[in-house]
Amino acid sequence: MNKVVIVTGGSRGIGAAIVEELANANYNVILNYYNSENEANTIKNILTNCGKTVEIYKADVRNREEVKGLINFAIEKFGRIDVLINNAGICQSKLFTDLTDDDWNNMIQTNLTSVFYTTQEALRYMVSRKEGCIINISSIYGITGASCEAHYSAAKAGVDGITKSLAKELGPSNIRVNSIAPGAIDTDMNKFLTVEERKELNNEIPLERMGKPEEIASCAKWLIENEYTTGQVISVNGGWLF
Ligand code: NAP
């Protein structure tokens, strides 16, 4: 049977590119979405019409019960989970001194606690099979820090901490855990940038452009397929900020 992969936040941007890459490589894909039902259905229809297997499931990754529903859905449909890709995330640009408790809590819940929930629930099915692969989409800002994104950077640094710890804890169970820490990728997350700001950003990046979602997706596929890589934070960033 083809490998079964769950992609959180698979309705748009990087997650959607990962869904497409893996469905086209004949993985059985469960696309998790939250608000973007139309986008999720469109992706499913396009890929299903090409003979690929994609199921969609609505769940708010901030909510333990909804995450349980997502994992149960995967098990009911396919009987196992081979790969979990924790991609769902939000960003917010705000002075640290202006952050409210709600800003902080929502950022940590969406970008960090969600990884705790999904990974713990999926591991119930991976550990018993002694096989699994977990990929966390963190961020270059978790490594470098970013002005006006302290809560985002803290959450993403936390994700990389989970990655490194679980790689050690789960290696003996033949479960690999890695992070991809993207640089600036051209998705809705960066649509607030003006033309001028995009130009300035491109000038800071040695490869002189933002990355494409597909360039993160191909790294995810490589991480699934390379069976001796674990505990790594791979920054796909065009040479930016290092
Ligand atoms: P995006 O285009 O804004 O897409 C975000 C995705 O996350 C959407 O599919 C959205 O689903 C989902 N999502 C958000 N909150 C959710 C929730 N509570 N429950 C379930 N799904 C939720 O962002 P992106 O650029 O593709 O980012 C994907 C990941 O890459 C994020 O973790 C982000 O931090 C990371 N990243 C991005 C960049 C970048 O430059 N773009 C750089 C570094 C890291 P719905 O629309 O269905 O709600």
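1. Partly exposed, as used here, means a relative accessible area between the buried limit, under 20%, and the exposed limit, over 50%. Arg129 has a relative accessible area of 31%, so Arg129 is partly exposed. The model is predicted, and this note should be read with that in mind.

2. Arg129 has a charged partner. Its side chain meets that of Glu131 in a salt bridge, at 3.9 Å from N to O. That falls within the 4 Å cut-off for a salt bridge. Glu131 is partly exposed too, at 34% relative accessibility. The pair does not stand alone: salt bridges with shared partners join Arg80, Asp82, Arg129 and Glu131 into one network.

3. How many salt bridges does the whole structure hold? The search finds 13. Side chains of opposite charge can pair when their charged atoms come close. One of the salt bridges links Arg62 and Asp60, with the closest N and O atoms 2.8 Å apart. Asp60 is buried, with a relative accessible area of 9%. Arg62 is partly exposed, at 28%.

4. Another salt bridge sits in helix α3 (residues 64-78), where both Lys68 and Glu65 lie. The two residues are three apart, about one turn of the helix. Their N to O distance is 3.6 Å. Is Glu65 buried or exposed? Glu65 counts as exposed because its relative accessibility, 52%, is over 50%. Lys68, at 32%, counts as partly exposed.

5. Next, the sheet. Seven strands form an open sheet in the order β3-β2-β1-β4-β5-β6-β7, and the pairing is parallel. Strands of a sheet pair through backbone hydrogen bonds, either parallel or antiparallel. Which strands lie at the edges? They are β3 (54-58) and β7 (233-234), each pairing on one side only. Strands β5 (residues 132-137) and β6 (residues 175-180) pair over six bridges, in the parallel sense. Cys133 stands opposite Arg176 in β6.

6. Helices pack on this sheet. Helix α3 touches β1 (4-7), β2 (28-33) and β3, and its direction makes about 155 degrees with that of β3. Helix α6 (residues 150-170) touches β5, β6 and β7. The direction of α6 makes about 160 degrees with that of β6.

7. Now the interior. In soluble globular proteins, nonpolar side chains tend to be buried together. The largest nonpolar core here has 31 residues. Ile18, Val29, Ile85 and Ile135 have the most contacts inside it. Which elements each supply at least two residues of this core? They are β1, α1 (13-24), β2, α2, β3, β4 (83-86), β5 and α8 (213-225). Helix α1 gives the most, with seven residues.

8. Val29 is worth opening in the viewer. Leaving out residues up to four places away in sequence, Val29 touches Val5, Val7, Val19, Leu22, Ala23, Thr53, Val54 and Glu55. Apart from the largest core lies another, of 25 residues, among them Ile30, Val67, Leu84 and Leu170.

9. Last, Glu39. Glu39 is found in helix α2 (residues 37-49). Its relative accessibility is 36%, so Glu39 counts as partly exposed. Which residues does Glu39 touch, not counting those up to four places away in sequence? The contacts are Ser11 and Arg12. Arg12 is 27 residues from Glu39 along the chain, yet their C-alpha atoms are separated by 7.1 Å.

How values were computed
Residues are numbered from 1 along each chain as its sequence is written. This is a predicted model: local features need pLDDT of at least 70, side-chain atom pairs count only at pLDDT 80 or more; totals for chains, interfaces and linings use all residues. Side-chain values use heavy atoms; hydrogens and water are left out. Helices (H or I, at least four residues) and strands (E, at least two) are DSSP runs, numbered from the N terminus. Buried means under 20% relative accessible area, exposed over 50%, partly exposed in between (1.4 Å probe, protein chains only). Contact means heavy atoms within 4.5 Å. Two strands pair if DSSP finds at least two bridges between them. Axes are lines fitted to C-alpha atoms, for helices over the stretch in contact, and angles run from 0 to 180 degrees between N-to-C directions. A nonpolar core is a set of buried Ala, Val, Leu, Ile, Met, Phe, Trp, Tyr and Cys residues joined through side-chain atoms within 4.5 Å.
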